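Visitor: Could you take a close look at one part of this protein for me, the second largest pocket, and then walk me outward from there? I'd like to know what lines the space and what else sits in the model.

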Amino acid sequence: MLRDNEFDIVVVGSGVAALCGAVAAASRGRSVCVIEKTAYFGGTSAYSGGSVWLPGNHVLERDGVDDSVAKGYTYFHSLVGSRTSEERQRAYLETGPALVDFLENTAGIPLEHRPFPDYFDAPGRSANGRTVFARAITAEEVGPRLNEIRPMVPADQFGIDVDRSVLDGGQAWVARLVMALDRSGNAELALNTTVEELVQDEAGRVVGVGVRATDDETGTRRVVHARLGVLVAAGGFERAAGLRQVWQQMPTADWSSSHPDTGSGDALRMLDSVGAELDLLDQSWWCPATLFPNGHAAFTLGLRAGVVVDDSGRRFANEMLPYDRMGHAMRARMAAGHSPQFWFVFDDRAGDQLPAICVPAPDAGEMREAGLWHTAPTIAELAAAIDVDAEALTNTVARFNAFAEAGHDQDFRRGEDPFGRFFVGATSAAQCLQPIEGTRFHAVRLVLGDLGTKGGAVVTPDGAVKRADGSTVSGLYAAGNSAASVAGAVYPGPGVPLGSGMVSAYRAVGDMVRHLTPA
Ligand SMILES: Cc1cc2nc3c(=O)[nH]c(=O)nc-3n(C[C@H](O)[C@H](O)[C@H](O)COP(=O)(O)OP(=O)(O)OC[C@H]3O[C@@H](n4cnc5c(N)ncnc54)[C@H](O)[C@@H]3O)c2cc1C
């Protein structure tokens with residue numbers, strides 16, 4: 001629990017957006033606390049690949065990437081359009097370079113660019129992407145805080161022993177931001193502490209939060225006061241089955257990649273309770289996911305071979321689409337009356353290995369026992385095993401093989417976009433079209449998963465929480481998946497969830513410091 005009862009800024013949650021906001025506050029000499037309900041810092045952010053989409057920044061320039069804020073805005077706005085406010089879109093894009101400068105030169109977090117193509121063929125697209133990553137860090141450098149950082153998915157959700165001698169991706173971000181807070185001397189960080197409510201004064205200004213020790217069921221609660229404001233960056237409602245059923249008609253919330261303890265929807269409930277306008281509740285950062293015997297589903301991307309079919313045994317999309325776009329295609333299929341059973345069908349070239357990136361890699365034996373992986377000597381027998389029409393699946397594979405021979409996918413143009421080719425290491429569409437052939441075929445169950453929900457409070461360009469009448473709730477800010485995404489229903493490129501969340505949090509703190517007088 002926290003030692004103090006009063007801070008300039010109170011931050012709810014400890015994902016990358018929350019921590020970034022806290023670092024921004026601490027570096028301005030403000031006292032700040034970070035309150036996290038679970039035993040680990042990092043939330044879903046700690047699981048992430050750690051790519052952060054911020055066009056036109058100095059790290060890209062240092063790496064020779066030809067990019068600018070204007071190009072980034074053209075790209076982003078051409079995709080998102082008027083679904084979210086143009087001012088907020090501009091604020092995201094225009095603040096990116098300042099945030100990157102702050103993180104590297106003030107917060108002391110070394111950054112680097114790694115190539116990863118944008119997700120749409122739209123004006124302003126960058127061939128190499130425009131993502132920055134926190135540089136990897138050794139466990140030794142992190143020190144005792146290591147055990148307080150949420151482990152990666154294989155360890156956290158599957159109990160697999162994972163080497164943690166070097167932290168990369170989202171792990172590196174969380175570690176480095178926590179370390180920056182420790183260095184600042186202005187921050188208190190509390191684990192195992194649940195924020196239960198937002199506390200308002202008589203005028204309706206949010207002046208603090210009500211908290212309790214997470215494992216305390218006795219109802220003992222205390223108030224932590226915020227002199228300037230409260231930033232809610234406590235993630236989405238991925239694991240809140242009831243909310244997902246209402247807003248997203250999801251077959252099950254268990255298929256989210258987030259941890260069951262983190263995406264509880266607390267933020268949404270708290271923001272709703274003070275009259276926040278909510279938006280985009282039907283949207284998530286979607287992805288195909290491999291269903292595992294323990295009921296969890298793991299983010300699956302970078303398909304290199306095979307086809308994906310629905311319960312009719314037919315393809316319905318380019319399997320090499322960026323994951324959110326494939327997720328939208330799966331969702332549309334379900335909305336059209338198909339079951340949530342999708343199958344990834346491939347041949348035996350790689351034996352019992354999934355020709356895709358899935359972390360952890362599924363164990364074929366365990367999957368077969370659970371009925372999630374079937375293997376057969378012919379496509380017709382495979383169809384019987386997965387309960388789809390044999391003629392339909394046979395025709396699907398035959399048609400796909402004809403496309404492979406011709407080097408052109410007439411149905412979905414697979415391999416024509418640089419994103420698909422990126423994971424295959426291909427230079428032509430034809431290289432993305434291997435025929436499905438041989439004497440042993442596999443079908444692995446895929447479901448519609450997500451990397452987080454995207455609906456939450458509508459916020460101003462500075463992250464201030466809005467009411468439906470256009471006014472703001474004084475003292476209250478939201479960022480990350482607690483806020484309705486600036487990207488609307490689109491996932492424009494790798495790192496937009498983290499990048500937009502970090503910018504919102506950074507701007508929120510700037511706004512609090514500039515405009516609010518202490519309560
Ligand atoms: C495998 C994977 C890879 C991904 N890769 C990328 C990537 O490379 N780039 C990218 O941009 N995005 C990526 N994403 C998506 C991204 O990680 C998430 O969308 C993002 O981390 C959400 O951040 P957040 O700050 O909103 O929430 P989180 O990171 O989930 O943090 C929220 C925290 O708030 C805490 N909390 C909740 N309620 C309370 C409460 N009442 N009191 C106190 N604390 C509370 C939770 O326990 C949690 O720790 C990936 C996701 C996954 C699963």
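**The second largest pocket and beyond**

Guide: Let's start with the wall: Asp-121, Asn-318, Met-320, Leu-321, Pro-322, Arg-325, Phe-412, Arg-413, Glu-416, Asp-417 and Gly-420 line the second largest pocket. Keep in mind that this is a predicted model. The space inside that pocket comes to about 220 Å³. Sort the lining by class and you get five charged residues, four nonpolar and two polar.

Now follow Leu-321 inward. It is on the lining of the pocket, and it turns up again at an enclosed space, the second largest cavity, which has a volume of about 90 Å³. That cavity is lined by 14 residues, and Leu-301, Gly-302, Leu-303, Glu-319 and Leu-321 are the closest to its centre. Strand S14 (297-301), helix H10 (323-335) and helix H14 (418-424) each give two or more residues to this lining. H14 gives the most, with three residues. The class split here is ten nonpolar, three polar and one charged, to be set beside the five charged residues in the pocket lining.

How many cavities of 30 Å³ or more are there? The count is three. The largest cavity holds about 150 Å³. It has 19 lining residues, with Arg-88, Val-486, Ser-500, Gly-501 and Ser-504 closest to its centre. Helix H4 (86-106) and H15 are the elements that put two or more residues into that lining. H15 has the largest share, six residues. By class, the lining has ten nonpolar, six polar and three charged residues.

H15 is a handy link to the ligand. Together with strand S9 (193-200) and helix H9 (266-273), helix H15 (496-515) is among the elements that supply at least two residues each to the ligand's shell. That shell numbers 37 residues, and the closest are Glu-36, Ser-45, Asp-266, Asn-481 and Leu-498. Classwise, the shell splits into 20 polar, 14 nonpolar and three charged residues.

Several of the contacts run through the backbone. A backbone N or O atom of Leu-498 is 2.8 Å from a ligand oxygen. Another ligand oxygen distance involves Gly-43, where a polar backbone atom lies 3.3 Å away. For a ligand nitrogen, look at Lys-37, where a backbone N or O atom sits at 3.1 Å. As for cover, the ligand on its own has 1000 Å² of accessible area, and the protein covers 95% of that.

Back to H9 for a moment, since Asp-266 is one of the closest residues to the ligand. Asp-266 is also one of the buried residues of H9, and the others are Ala-267, Leu-268, Met-270 and Leu-271. After H9 comes Gly-275, with a positive phi near 85°. On the other side of H9, the loop that runs from helix H8 (241-248) to H9 holds Ser-258. Is Ser-258 buried or exposed? It counts as buried, because its relative accessible area is 0%, under the 20% cut-off. Its side chain makes a polar contact of 3.0 Å with the side chain of Ser-256.

Before you go, a few backbone spots are worth a check. As background, most residues other than glycine have a negative phi, and most peptide bonds are trans. Asn-192 is not a glycine, yet its phi is positive, about 55°. You'll find Asn-192 in the loop between strand S8 (187-190) and S9, and S9 is one of the elements of the ligand shell. Asn-192 is partly exposed, at 39% relative accessibility.

Asp-387 has a positive phi too, about 65°, again without being a glycine. Its loop links helix H12 (379-386) and helix H13 (390-406). With a relative accessible area of 70%, Asp-387 is exposed. The last stop is the peptide bond between Val-359 and Pro-360, which is cis, with omega about 5°. Pro-360 belongs to the loop between strand S17 (357-358) and helix H11 (364-369).

Methods
Residues numbered from 1 in each chain as written. Predicted model: local features only at pLDDT ≥ 70, side-chain atom pairs only at ≥ 80, totals over all residues. Heavy atoms only, no water. Near = heavy atom within 4 Å. Polar contact = N/O pair within 3.5 Å; in protein donor to acceptor, adjacent residues only side chain to side chain. Areas by Shrake-Rupley, 256 points an atom, 1.4 Å probe, with all protein chains shown as cover. Helix = DSSP H or I, 4+ residues; strand = E, 2+ residues; numbered from the N terminus. Nonpolar A, V, L, I, M, F, W, Y, C, P; charged D, E, K, R; others polar. 1 Å grid on protein atoms, 1.4 Å probe; cavity = no way out; pocket = protein on both sides within 12 Å on 5 of 7 lines; lining within 4 Å. Points joined across faces, edges and corners; volume = space filled by probe spheres on them. Buried < 20%, exposed > 50% of the residue type's maximum accessible area, 1.4 Å probe, protein only.
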